[in-house]
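Trainee: Hi! Could you walk me through this one? I'd like to start with the empty space inside.

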Amino acid sequence: MRYKKKFAFLVFAWVWFLLGLAPLKGQEWHPILETIYPLGSPSGYENLQLAKIKAYLPDRWKTDNLGSLVMASPNQPVEAIMAAAVDEIGYFVSGLTADGYLRLDRTQAVPYQLYDSFLMGHGVVVWTRKGLVTGVVCQPAVHILSRERREKLERGISLDDIYVDIGARSEAEVRARGVEILDAVTRERALTYLNSKRVSGHCLSEKLFASLLSSLARSFKEPSFTREKGLALAWVAQSRVSARGGRGGQSLGFLSLQNRWQPKKVIILGGRQAEEDETKPGPRLEQLTIMLIAEEKTTGLAATLLELASANNIPLQVIAREDSPMLRPFQAEKAEALILGLPLRDAATPAETVSLRDVDSLVRLLHLFVESGRIE
């Protein structure tokens with residue numbers, strides 16, 4: 001009897017899980033997200049994720065010297081680009097200790113001082129030429145630390161405090177497993193679905209927007225894509241790296257995109273921290289709010305998106321005068337450029353969360369824009 005109850009419970013739990021994912025049925029972006037989400041893609045190490053994305057695309061993609069993918073009509077000049085960044089905040093192996101531990105450094109600046117603290121005690125993946133090597137960031141037992149050491153940890157973790165254990169006992173053993181200096185290191189990760197309404201995960205937005213763009217690319221039919229008056233789709237590598245000598249801190253990946261294609265209009269898919277204080281104005285999850293981050297004045301591109309959203313009952317909040325290194329390369333060349341995105345709860349944390357209803361609204365708006373043909 002006890003085993004029958006246990007079996008019944010497992011069946012119930014599995015059915016409940018499937019029902020929870022029911023809203024995702026028929027959403028083509030979702031299996032793409034499930035495929036690319038586990039793949040680490042720190043700036044400069046995006047090749048594995050981009051290789052997976054290529055498999056979803058028709059054969060009309062090109063790459064630039066940074067590895068970014070661009071899908072464009074071979075018979076049309078590029079008038080407009082819709083783009084998503086594919087690189088995430090990540091780390092690389094910066095040193096090997098004599099007793100077999102790994103030391104880390106960042107591939108780019110972190111968004112705030114305590115960001116590195118998220119690594120402590122968690123599993124990581126080292127992306128070596130021989131394959132994946134799993135490890136764990138050593139978490140010190142606080143009760144055995146000296147008072148000075150405890151006080152230092154209370155002020156925040158730095159990379160000087162972080163050691164990665166891969167189960168090796170010497171530097172030679174580490175190298176024998178294929179780990180070398182400059183190998184990429186990312187956190188282990190899994191998507192978490194919250195009551196069939198939200199999805200959460202580390203570096204979620206970077207993977208989500210790349211998935212939405214890939215799904216959009218798959219929806220193009222051969223005749224219609226060439227009719228889209230020069231629309232290109234781009235998956236941008238090294239977007240978090242600052243270009244040397246760029247005016248005002250420009251994204252290297254997006255500067256390269258601008259220099260190569262020189263589009264007149266640009267839509268970048270992105271996200272913004274949701275406002276959780278009910279007394280303050282701002283975007284919130286599950287209110288179908290999609291944000292248009294525009295320049296000081298509403299451009300023709302922004303007006304088109306606002307009109308399409310209004311006509312199809314898609315709420316669209318305009319947040320003006322926003323600045324971004326991703327926008328600056330295009331603004332410097334007087335192109336119409338904006339960021340179209342989603343509210344994110346706990347942005348830039350391992351618990352980054354989006355509303356599935358918000359995602360659905362964004363997908364609808366992207367398809368409406370492409371189908372309208374109003375790109376020129």
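Trainee: What sort of residues make up the lining of the largest cavity, nonpolar, polar or charged?
Mentor: Bear in mind that this is a predicted model. In the lining of the largest cavity, six residues are nonpolar, three are polar and two are charged.

Trainee: And which residues are they?
Mentor: One stretch of the lining is Glu 88, Ile 89, Gly 90 and Tyr 91. Tyr 115, Phe 118 and Leu 119 line the cavity too, along with Val 185, Thr 186, Arg 187 and His 202.

Trainee: Which strand gives the most to that lining?
Mentor: That would be E9, which supplies three residues.

Trainee: How much space is in there?
Mentor: The largest cavity holds about 70 Å³. Across the whole structure, a search turns up three cavities of 30 Å³ or more.

Trainee: Back to E9. Which strand does E9 run antiparallel to, and how many bridges join the two?
Mentor: E9, residues 184-187, is joined by two bridges to E4, residues 91-96, and the two run antiparallel. Tyr 91 sits opposite Val 185 of E9, and both of these residues also line the largest cavity.

Trainee: What do those strands belong to?
Mentor: They are part of a closed barrel of six strands with antiparallel pairing, in the order E4-E5-E8-E7-E6-E9. In general, strands of a sheet pair through backbone hydrogen bonds.

Trainee: Let me zoom out. How many helices and strands does the protein have?
Mentor: There are eleven helices and 17 strands. Of the 376 residues, 51% are buried.

Trainee: What about contacts between residues far apart in sequence, how much do they account for?
Mentor: Taking contacts with a separation of 6 or more, 75% are between residues 24 or more positions apart.

Trainee: And the surface, how much is exposed?
Mentor: About 18,500 Å², with carbon and sulfur atoms supplying 52% of that.

Trainee: New topic: backbone angles. Which residue has a positive phi of about 55 degrees?
Mentor: Asn 313 does, although it is not a glycine. Most residues other than glycine have a negative phi. Asn 313 lies in the loop between helix H9 (300-311) and strand E15 (316-319).

Trainee: Is Asn 313 buried or exposed?
Mentor: Exposed, with a relative accessible area of 68%.

Trainee: Where is Lys 334 found?
Mentor: Lys 334 is in the loop between helix H10 (328-331) and strand E16 (336-344). Its phi is also positive, near 65 degrees, and Lys 334 counts as exposed at 76% relative accessibility.

Note on methods:
Residues numbered from 1 in each chain as written. Predicted model: local features only at pLDDT ≥ 70, side-chain atom pairs only at ≥ 80, totals over all residues. Heavy atoms only, no water. Helix = DSSP H or I, 4+ residues; strand = E, 2+ residues; numbered from the N terminus. Buried < 20%, exposed > 50% of the residue type's maximum accessible area, 1.4 Å probe, protein only. Contact = heavy atoms within 4.5 Å. Areas by Shrake-Rupley, 256 points an atom, 1.4 Å probe, with all protein chains shown as cover. Pairing = 2+ DSSP bridges. 1 Å grid on protein atoms, 1.4 Å probe; cavity = no way out; pocket = protein on both sides within 12 Å on 5 of 7 lines; lining within 4 Å. Points joined across faces, edges and corners; volume = space filled by probe spheres on them. Nonpolar A, V, L, I, M, F, W, Y, C, P; charged D, E, K, R; others polar.
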